[in-house]
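Got your viewer open? Let's take a short walk, one selection at a time.

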Amino acid sequence: MKLKIIGPMPPYYDVAEYLWGKGVDIDSDGDSYPADATDWTELTLILRSDTTQRVDIDPSPLNTNFLVLKASNQQLKSAVVTFLKSKGSIE
């Protein structure tokens, strides 16, 4: 799924907390530096207690104004889109 970037991204850990709760134990990877950066374009989140729960966000190879979202299930994908829209990051 392609997402059009229209504003700053929330810190990556806010995405994880929205999906799975505050203080959640996750594995993460991406280009968020420092941790509270709002200009990241790559993010992988995996829930440690259930490693089948995974979200990947990557830059679109064709257009830098878009990100590509993949998730292990539709519920996670929808939740990421809802959260990023609520933060004014995507349309």
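Start by selecting Asp-29, which is exposed because its relative accessible area is 56%. Here, buried means under 20% relative accessible area, exposed means over 50%, and partly exposed is in between (1.4 Å probe, protein chains only). Asp-29 sits in strand S2, residues 26-30; strands (E, at least two residues) and helices (H or I, at least four) are DSSP runs, numbered from the N terminus.

Before you move on, a word about what you're looking at: this is a predicted model, where local features need pLDDT of at least 70 and side-chain atom pairs count only at pLDDT 80 or more, while totals for chains, interfaces and linings use all residues. Residues are numbered from 1 along each chain as its sequence is written, and side-chain values use heavy atoms, with hydrogens and water left out.

Now add Asp-31, Asp-39, Glu-42 and Asp-58 to your selection: together with Asp-29 they form a negative surface patch. For such a patch, residues need over 30% relative accessible area and no salt bridge, and like charges are joined within 9 Å.

Next, where is the cis peptide bond? Zoom in on Tyr-33 and Pro-34, which it joins with an omega of about -5°. Pro-34 is in the loop between S2 and strand S3 (43-47).

Stay in strand S2 and pick Asp-27, then show Arg-48: their side chains meet in a salt bridge, 2.5 Å from N to O. (A salt bridge is a side-chain nitrogen of Lys or Arg within 4 Å of a carboxyl oxygen of Asp or Glu.) This pair links distant parts of the chain, with Asp-27 in strand S2 and Arg-48 in the loop between S3 and strand S4 (54-59), 21 residues apart.

For another salt bridge, select Asp-56 and Arg-54, whose closest N and O atoms are 2.7 Å apart. Asp-56 is buried at 15% relative accessible area, and Arg-54 is partly exposed at 35%. Bring Asp-25 into view too: salt bridges that share partners join Asp-25, Asp-27 and Arg-48 into one network.

Last stop: the two aromatic pairs. Rings of Phe, Tyr and Trp (its six-membered ring) pair if their centres lie within 6.5 Å; planes under 30 degrees apart count as stacked, over 60 as edge-to-face and the rest as tilted. Tyr-12 and Tyr-13 are edge-to-face, because their ring centres are 5.5 Å apart and their planes are at 75°. Tyr-18 and Phe-83 are stacked, with centres 4.7 Å apart and planes at 25°. That second pair links helix H1 (residues 12-20), home of Tyr-18, to helix H2 (residues 74-86), home of Phe-83.

Technical notes
Patch = residues over 30% accessible without salt bridge, like charges linked within 9 Å, V, L, I, M, F, W, Y side chains within 5 Å. Areas by Shrake-Rupley, 256 points an atom, 1.4 Å probe, with all protein chains shown as cover. Lys, Arg positive; Asp, Glu negative; His and termini not counted. Charge placed at Lys NZ, Arg CZ, Asp CG, Glu CD.
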